[in-house]
Structures are given as C-alpha cells and as structure tokens.
Amino acid sequence: MYKVDIGKKILIANEEYARKNSRFLAKRKKLCLNMISSPGSGKTTILIRTISELKDKIKIGVIEGDIQTDIDAERIRAATSAVVQINTNGSCHLSAAQVCGALENLPTDDLDLIFIENVGNLVCPSAFELGEAGKIVVLSVAEGDDKPAKYPSIFAKSKVLLINKIDMLGAGVQVDFDVEKVKADARRLNKDIEIFPVSAKTGEGMSSWYGWLTESVGNLRL
Amino acid sequence: MHETMVAQSLLAAISSEADRQNARPVGAKISCGTFDAINDEILCFAFEAVAKGTGCEGVKLEIEHKPIRCRCRDCDRNFDFELSSPICPECGSEKFELLPDAPLLLETIEFQTEQRNV
Ligand SMILES: Nc1nc2c(ncn2[C@@H]2O[C@H](COP(=O)(O)OP(=O)(O)OP(=O)(O)O)[C@@H](O)[C@H]2O)c(=O)[nH]1
Ligand SMILES: [Mg+2]
Ligand SMILES: [Zn+2]
C-alpha cells in the first residue's frame with residue numbers, strides 16, 4: 001500500500017459552475033438571491049407578494065427548485081411570467097449546474113433581480129453555492145426559536161433572515177417563539193445579518209425588506 | 001440527501017487519480033467542516049452505491065470532521081465553537097465571530113501496491 005496526497009476540494013465541479021453563474025450575473029449587473037428554508041416557511045408566499053408589490057420598481061424573475069412538482073412555479077406565474085422550474089428528482093438541494101441551465105432559460109436581460117427558491121430544507125442547500133450574490137434564510141415562527149442554534153450553518157451564511165408568519169404571534173395562537181432570542185442567536189453566528197420580521201400574509205414588516213431589496217438592486221446598477 | 005452529490009464528486013476524483021496512478025484504490029481520507037453537515041453513515045452508504053461496479057468498489061472512506069473556529073472580539077483569541085456553550089473559553093465573552101468553515105476536502109488516497117504496473 002502507498003498513500004497519495006490529494007488536498008482537492010470535493011465539490012469542485014459545483015464550485016466551477018457557481019463561479020460561471022456568478023460571472024454571468026455580474027457581467028449583466030443582475031442581483032441573484034438564493035432563498036432557503038424548511039418546507040412550508042413561506043418562501044413562495046413571500047416571493048409572490050414581493051414580486052407583485054415591487055413590480056413597478058424592480059423586475060423580478062424566479063428559478064423555482066422543487067423535488068418533483070411544478071405547483072410553486074405555477075403559483076409564481078400568477079405574479080410574473082419570468083419563472084423557470086427545476087425538478088431535482090429527489091435531491092434535497094439545487095446544484096449550480098441546474099441553475100446555470102435555468103439562467104439560460106430566463107429573460108435575464110429584462111430582469112433586475114433573480115430569486116432562486118431552493119428545495120425546502122434547512123441543511124443541505126446551504127452546502128452548495130449556486131453563484132448567487134447572497135442567501136436569504138426564511139424561518140417561520142411556527143418552527144420554534146431554537147433553529148439558529150440547531151442549524152447554525154444557514155444562519156451563519158445568509159445575508160438576510162426573514163422571520164415569517166409574525167401575524168401568528170398576535171393571533172391568540174399559542175406559539176412559543178421569542179423574536180429577540182432568534183435575533184441574538186442569529187447575530188452571534190453572523191454579526192452582519194439583516195433581520196426582518198414579516199408576515200407574507202398580512203404584509204406587516206414587508207416594507208423594510210423591500211427597502212433592503214431596492215437598495216441592493218440600486219447598488220448594482222451604479 | 002446531499003451526500004449523494006458529494007459521493008459522486010468523490011468517486012470522480014478518486015477514479016481520475018486511480019487512472020493517473022494506474023493502481024487500485026483501497027481507501028480515501030476526506031475532511032469536512034461542521035457546516036457541510038456530512039453524515040458519515042449516509043456518505044459511506046451513498047459512496048458504496050455509486051462505486052459499485054467501478055474501479056473504486058470497496059474503497060473505505062475515513063471522514064474527519066473539523067470544528068468551527070471562532071475569534072473572540074473582546075480578547076482576540078481563537079477557539080473552537082461549541083453549540084452547547086457559545087462563549088469564549090478564555091474570557092467568557094459572548095461577542096465572537098465565526099471564522100470560515102473548513103472546506104470539504106479529499107485529503108489522501110491509499111492504493112494497493114501489487115497491481116501497480118507503471
Ligand atoms: N399565517 C401565515 N401563513 C403564511 C404566511 N406565509 C405563508 N403562509 C402559509 O404557509 C403555508 C406554506 O407557504 P409556502 O409559501 O408554500 O411555503 P414554502 O416555503 O414555499 O414551502 P415549500 O416550497 O413547500 O418548501 C401556506 O399555507 C401559506 O399560506 C404568513 O406570513 N402567515
Ligand atoms: Mg415553495
Ligand atoms: Zn475572549
């Protein structure tokens with residue numbers, strides 16, 4: 001037996017595609033954000049509301065990742081025609097190669113901002129760079145306030161944390177969710193993370209999120 | 001199962017080195033950071049599945065998990081991040097930042113000497 005030193009990154013192929021996507025987007029000055037959460041936190045609902053309410057200011061396209069169906073892509077289509085569906089056929093995350101193909105099928109030149117809705121999963125998608133400018137993690141109050149402590153990776157890597165479904169906190173429903181604890185835990189992992197408590201259902205808090213998006217898109221246009 | 005994609009990429013890397021060496025691989029050592037969320041059992045299982053029928057069938061994986069390192073913003077020391085007690089072990093401060101996580105690396109491959117014919 002003999003040993004050979006390799007010292008190579010294993011996900012090098014994914015990283016190469018991610019760099020290619022990132023170059024493609026930078027050249028066209030398009031902002032691309034990768035949205036990650038557990039199933040049902042409200043990614044699609046947030047996207048639909050955001051696209052509709054910002055449509056006069058920012059043109060938004062969506063790459064919709066799902067394990068098998070096109071239900072979410074159809075929901076998004078009610079708000080924008082710029083949607084491309086990726087079915088991962090069982091895989092729990094999108095890969096940069098899949099996003100590369102999807103980018104070619106979006107009318108990128110007509111858009112300012114491209115959202116990638118990743119497969120509903122709080123762990124796996126955070127390990128795969130897609131070439132995005134930033135990750136947006138969504139945590140809904142129904143999931144519990146221990147999630148940043150239990151799943152630190154995605155909170156450490158995200159630019160923005162959207163705490164969704166805050167309408168449930170005031171609705172007389174028993175939800176044990178301490179917003180301040182989540183903010184503190186997330187900031188311990190990531191001192192620069194922007195945190196917006198929102199309700200995609202009632203629209204509460206969404207204007208701060210829109211403010212951040214508008215500014216980020218504006219910075220790219222400069 | 002993101003381990004499946006890791007297993008496929010790993011298989012490609014080991015196979016190409018095996019071709020270069022013209023030898024039979026028997027083991028590989030990989031290392032990963034905490035945020036890669038690699039489950040050893042699932043990765044070994046996934047690798048076994050994709051390696052079946054290839055020159056990498058039977059390769060044993062050894063997986064090292066590296067801790068997340070932090071830097072204390074009060075006393076400037078570096079330490080390992082512990083989820084159970086997220087404070088600086090030197091000064092007890094809660095103000096620290098995480099340093100970049102260790103990448104997912106293929107460290108070494110072990111080959112059988114006998115069949116080497118180069
Ligand atoms: N009360 C309340 N319900 C919400 C809110 N946002 C989303 N929901 C509901 O939560 C459920 C899941 O929302 P989706 O937008 O489909 O969640 P998702 O993250 O896209 O789900 P997957 O794509 O399956 O991972 C739906 O029934 C939404 O109506 C909110 O702010 N408040
Ligand atoms: Mg969805
Ligand atoms: Zn300290």
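**Notebook: A:Asp146, ligand 1 and the magnesium ion**

I began with A:Asp146, which has a relative accessible area of 30% and is therefore partly exposed, since that class covers the values between 20% and 50%. I noted that the model I am reading is a predicted one.

Next I looked up where A:Asp146 sits, and found it in the loop of chain A that runs between strand E6 (134-140) and helix H5 (147-150). I also checked A:Asp146 against A:Asp185: the two are 39 residues apart in sequence, and their C-alpha atoms are 8.6 Å apart in space.

I then turned to ligand 1 and asked which residues come nearest to it. Of the 19 residues around the ligand, they are A:Lys43, A:Thr44, A:Thr45, A:Asp72 and A:Asp167. Sorting the shell by class, I recorded 9 polar, 7 charged and 3 nonpolar residues. Two helices of chain A, H2 (43-53) and H3 (71-77), each supply at least two residues of this shell, and H2(A) gives the most, with 3 residues.

I went through three side chains that meet oxygen atoms of ligand 1. A polar side-chain atom of A:Lys43 lies 2.8 Å from an oxygen atom of the ligand, one of A:Thr44 lies 2.7 Å from an oxygen atom, and one of A:Thr45 lies 2.5 Å from an oxygen atom. Taken alone, ligand 1 exposes 650 Å², and the protein buries 75% of that area.

A:Thr44 came up again when I asked which protein donors the magnesium ion (ligand 2) has. I found A:Thr44 through OG1, A:Asp72 through OD and A:Glu117 through OE, lying 2.0 to 2.1 Å from the ion. Along the sequence, I wrote the spacing of these donor residues as T-x27-D-x44-E. Because A:Thr44 lies in helix H2 of chain A and A:Asp72 in helix H3 of chain A, the pair ties together parts that are 28 residues apart in sequence.

I also asked whether these two donors are buried or exposed. A:Thr44 has 3% relative accessibility and so counts as buried, the cut-off being under 20%. A:Asp72 is likewise buried, with a relative accessible area of 13%.

Last, I looked at the confidence values. The model scores ipTM 0.84 and pTM 0.91, while chain B averages a pLDDT of 90, with 96% of the residues scoring at least 70. I kept one caution in the margin: where pLDDT is low, the predicted coordinates should not be read in detail.

Note on methods. Residues are numbered from 1 along each chain as its sequence is written. Chains are lettered from A and ligands numbered from 1 in the order in which they are written. This is a predicted model: local features need pLDDT of at least 70, side-chain atom pairs count only at pLDDT 80 or more; totals for chains, interfaces and linings use all residues. Side-chain values use heavy atoms; hydrogens and water are left out. A residue is near a molecule or strand if one of its heavy atoms lies within 4 Å of it. A polar contact is a pair of N or O atoms within 3.5 Å; within protein, one must be able to donate a hydrogen and the other to accept it, and residues adjacent in sequence count only if both atoms are side-chain atoms. Accessible areas come from the Shrake-Rupley method with a 1.4 Å probe; for residues, only the protein chains shown count as cover. Helices (H or I, at least four residues) and strands (E, at least two) are DSSP runs, numbered from the N terminus. Ala, Val, Leu, Ile, Met, Phe, Trp, Tyr, Cys and Pro count as nonpolar, Asp, Glu, Lys and Arg as charged, and the others, Gly among them, as polar. Donors are N, O and S atoms within 2.8 Å of the metal (3.2 Å for Na, K and Ca); water is not among the atoms, so sites may look incomplete. Buried means under 20% relative accessible area, exposed over 50%, partly exposed in between (1.4 Å probe, protein chains only). pLDDT is the predictor's confidence in each residue, from 0 to 100.
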